[in-house]
Amino acid sequence: MNGGNGTYSYAKNSTLQRKSANAVREKIDEAIAEKLDMETLCSSGKSFHIADFGCSTGPNTFIAMQNILESVERKYKSQCPTRQIPEFQAFFNDQASNDFNTLFTTLPLDRQYFVAGVPGSFHGRLFPDSSLHFAYSSTALHWLSKVPEELLDKNSPSFNKGRIYYSNTLDKVVDAYSSQFAKDMEIFLDARAKELVAGGMLVMTMPGQPNGIPCCQTGMGMTIDYLESCFLDMVNEGIISEAKVDSFNLPMYSATLEEMKELIQRNGSFNVEKMELTMANGESNPQSYSSYSGRMLQMHLRAGIEEIISKHFGTEIIDDLFDRYAMKAEDFSHRLQSSERKGALLFVVLKRK
């Protein structure tokens, strides 16, 4: 994600992600109220530890952290009315390259929790055994740890020539993405299982893939397809080489409900308290795209993936690329609005056995 507070920073261009988080706020409140046993969790200490995996630079992580803290506090007061409320320790995790300086300089002044940053990939261990009570991740787990290697092998049947994603491509390419997601999620679940105390809660939200709807008809798929068409236009105009596009793939994957169920069952360390596909902007108002111009959509996309593109293609093409995308998004905004109804947010609540 783009750091800082500039025009194309994630901090200023992440309202779509915030709407996804807000869409499940009440569901998280319900899960905490109905499923979290505060008496058991707080029996062994005076502090309650919460971690956000994939926090980026704010402000979304602060809003989510405050909401979770308030829900936990309400549950504690109702379940343990005679006890003193525990102190809260919040851990903010993201890649070491994340702009933690911006994150910490924008911390809420009125926060009621202690703060620590935890740099490192969430595809692996980050905390000691049984040290967390609540783990949370929002619109982060669709990012893969790496691009599947076979997509870049010209001799492989999964070679993704002329494509940058798994939308509108070969089934073997989709299988490669799915396989990489499964490997990553297995590692993530195994790590969180070791880090959470018995009875601790893991809440995950991420872009999901509805059954029976092709990726190219979802908001995520259509967004990347438009970006891909901009790359191909630039190849046809001789601005970038075809080989450069052939060797570039975005490391993102939207899992189905069935895929997640299988991975969680295979892990065996969690009870599933809730798992569903929901509208990414809430059931009552599914048209978040309708309030965004092509320029605004371009800024959100640029804030999220500019760094990945720059590393592969160089910085010289960035302005031209995203200007082209803005024009296409403007022209086809009605299709983007329609696609969001077909897209979905995967919402998962797990409890450590």
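Trainee: Which residues form one aromatic cluster?

Mentor: In this predicted model, the cluster consists of Phe53, Phe91, Phe122, Phe127 and Phe188. The structure holds 16 aromatic pairs.

Trainee: Why is the aromatic pair of Phe91 and Phe127 called edge-to-face?

Mentor: Their ring centres lie 5.0 Å apart, with 70° between the planes. Rings pair if their centres lie within 6.5 Å, and planes over 60 degrees apart count as edge-to-face. The 5.0 Å and the 70° meet these two conditions, and therefore the pair is edge-to-face.

Trainee: Where in the chain do Phe91 and Phe127 lie?

Mentor: Phe91 belongs to strand β2, whereas Phe127 is in the loop between β3 and β4. The two are 36 residues apart, and the pair links distant parts of the chain. Both Phe91 and Phe127 are buried.

Trainee: What makes the pair of Phe92 and Tyr113 tilted?

Mentor: The angle between their planes is 55°. Stacked requires under 30 degrees and edge-to-face over 60, and the rest count as tilted. The value of 55° falls in neither range, so the pair is tilted. Its centres are 6.4 Å apart, which is within the 6.5 Å limit.

Trainee: How do you know that Phe92 is buried?

Mentor: Its relative accessible area is 0%. Buried means under 20%, so Phe92 qualifies. Tyr113, with 7%, is buried because this value is also under 20%.

Trainee: What sits over the ring of Phe188?

Mentor: The charged end of Arg192 does, 4.8 Å from the ring centre.

Terms used
Residues are numbered from 1 along each chain as its sequence is written. This is a predicted model: local features need pLDDT of at least 70, side-chain atom pairs count only at pLDDT 80 or more; totals for chains, interfaces and linings use all residues. Side-chain values use heavy atoms; hydrogens and water are left out. Rings of Phe, Tyr and Trp (its six-membered ring) pair if their centres lie within 6.5 Å; planes under 30 degrees apart count as stacked, over 60 as edge-to-face and the rest as tilted. Helices (H or I, at least four residues) and strands (E, at least two) are DSSP runs, numbered from the N terminus. Buried means under 20% relative accessible area, exposed over 50%, partly exposed in between (1.4 Å probe, protein chains only). A charge sits over a ring if NZ of Lys or CZ of Arg is within 6 Å of the ring centre and within 35 degrees of the ring normal.
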